[in-house]
Amino acid sequence: MRWAKEIGTNLKRSGFMSLISAGTIAITVFMLGAYYIVQSGVTFLARHIESNVEVTAFLKNNTPQDKTDNIIMETKALAGVAEVRFVTKWDAFQEFIQDPEMKAVMDTFEGNPLPDSIVVRLDTYTREKIERISSFLREKDGVEEVQYGAGEIENLINIVNAVRFIAAAAGIIFIIASMLVVSNIINLTIYARKQDIYIFRMIGADESYIRMPFVAEGVIHGLFGGAAGWAALYGVVTVLIAQIRQETGLDLSVYHIFRPEYFSVRLLLYSVGAGIGLGFTGSLLSQLRMFK
Amino acid sequence: MIKFNRVYKVFERDIQALSDISFEVKRGEFVFITGPSGAGKTTILNLLYREDLPTMGAIFVDSLDITHIGTGRLPAYRRGIGFVFQDFKLLFDRPLFENIALPLVVRGENMEYVKKLAQTMIDRIGLTGKESLNPWHLSGGEKQKAAIARALITSPPILLADEPTGNLDDYSSWEIMEMLTEANRAGTTVIIASHNKEIMSKLGHRIIRLDKGKVVSDAMG
Ligand SMILES: Nc1ncnc2c1ncn2[C@@H]1O[C@H](COP(=O)(O)OP(=O)(O)OP(=O)(O)O)[C@@H](O)[C@H]1O
Ligand SMILES: [Mg+2]
């Protein structure tokens, strides 16, 4: 570390500017971290919903038992099917009247207006699977009507994707902006040390020796910025989890991202790594602009 | 060792700083370059140091055509030369000691050795006890001595000095000349740009006289 001294000089000269540079990196790392958490939460949610997609085949009244059993057997053998359940009209009725509003509707009928049904749960969601299984069921003798919630699921997935896209775009803008800020601040340091750089060149210092401190400066900004960004994220998440627990009783801290071994170790490393990456790239940009 | 071959230097707006300069300097020589202000003395030293390139002509150092050194090899070339700037060019963000040690530090020399040598140089220029002073607080003569110590700490084969006695009193001037003479005795080729007639005539070294960018005389003083 023969240029450790020069790094010290740079940081001393930059002072407040170093803080701005590290602060910008901290904000970016915070945003990226928040994005990462939301994104993985949303992905988790989407998967959960997708894996609970059900196709329901309503049966005609008085369909014989052996016919129903046959349909169930054949459906079970289809690719992409996780579970097939037979729901009697009475099961369905019991479920319906759990909801007081539905009960009111049911009360207007005499007896049970609901049909028997076969409920098929898919292993994972794809449009193709839903279509294939639905049309298979629709063609079966004894099946009155086939329903599935694909429309809503697709809407949900579209919304999730849109959110991801917007967040990714914002993330990229943040990354670029913070690299530019770092780069400009390092440019200021380089500018302030123009005379020193000239002297170093004149006494035969290698270019790498001259430039290394400026690269290191960016990396140091990144190191502290990354750590600070993580700390801010940690603080906000801790407060939010406590708030949510208090207000809804939902304990998010069991979610794998929020467990200490993940959040305090892996995510901290990622944050510092991202910060260093930003600082390093920012200072490389400066090198390109200031040293020709 | 050093050879200028029909060297021209034209700055922008047709300022003809040097025209058709040719001379040779042998290893171990002690040479003054003199002439009125604007004659081209500093320009010659800058070309030798490869801070600037000639408009035309060739400059050889140790039979190496220095106008064709790539930027990658420039640092190595400059390490073979000690340069004393007219305005010293000391670093004001570090103490005297570190200023003088800098050329060795930059080369990645062993710190033990660097410290010993820097202390020896400081003792030699008579600034013992001022090691930790910022160059800011040194007198003009002391700064000049520091600049020379920095240039000589690597025992370079060539020493270039631009007006090393510029603004100094007689006593300091002679002290400085004593240091340069000592380096020359130890084998360093010394080239000095100077106005100081008294010193030049008393020392009796070779004098290259310039006027308006041309060599007008080249003789022993
Ligand atoms: N970078 C430059 N751009 C334009 N003209 C320059 C430049 N450097 C030097 N000159 C001109 O070249 C000529 C020679 O300058 P130089 O500095 O070599 O003179 P000098 O002999 O060292 O003078 P002094 O004794 O005043 O130091 C002068 O006319 C000067 O104005
Ligand atoms: Mg001059």
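The dialogue below goes through ligand 1, the domains of chain A and the contact between chains B and A.

User: What kind of model is this, and how are residues, chains and ligands numbered or lettered?

Analyst: This is a predicted model, in which local features need pLDDT of at least 70 and side-chain atom pairs count only at pLDDT 80 or more, while totals for chains, interfaces and linings use all residues. Residues are numbered from 1 along each chain as its sequence is written, chains are lettered from A and ligands numbered from 1 in the order in which they are written, and side-chain values use heavy atoms, with hydrogens and water left out.

User: How many residues surround ligand 1?

Analyst: A residue counts if one of its heavy atoms lies within 4 Å. Here 14 residues do, and B:Ser37, B:Gly38, B:Lys41, B:Thr42 and B:Thr43 are the closest. With three residues, α1(B) gives the most to this shell (helices, H or I, of at least four residues are DSSP runs, numbered from the N terminus).

User: Which polar side-chain atoms lie by an oxygen atom of ligand 1?

Analyst: A polar contact is a pair of N or O atoms within 3.5 Å. The distance to a ligand oxygen is 2.7 Å for B:Lys41, 2.5 Å for B:Thr43 and 3.1 Å for B:His195.

User: How far apart are the centres of the two domains of chain A?

Analyst: Domain bounds come from an automatic or database domain assignment. It gives domain 1 (2-48 + 155-290) and domain 2 (54-147), with C-alpha centres separated by 52 Å.

User: What area is buried between chain B and chain A?

Analyst: Buried area is the accessible area (1.4 Å probe) lost on putting two parts together, summed over both. The value is about 1,700 Å², with 56% from carbon and sulfur atoms. On the chain B side, B:Lys89, B:Asp93 and B:Val106 lose the most area, together 30% of what that side buries.

Technical notes. Polar contact = N/O pair within 3.5 Å; in protein donor to acceptor, adjacent residues only side chain to side chain. Helix = DSSP H or I, 4+ residues; strand = E, 2+ residues; numbered from the N terminus. Contact = heavy atoms within 4.5 Å.
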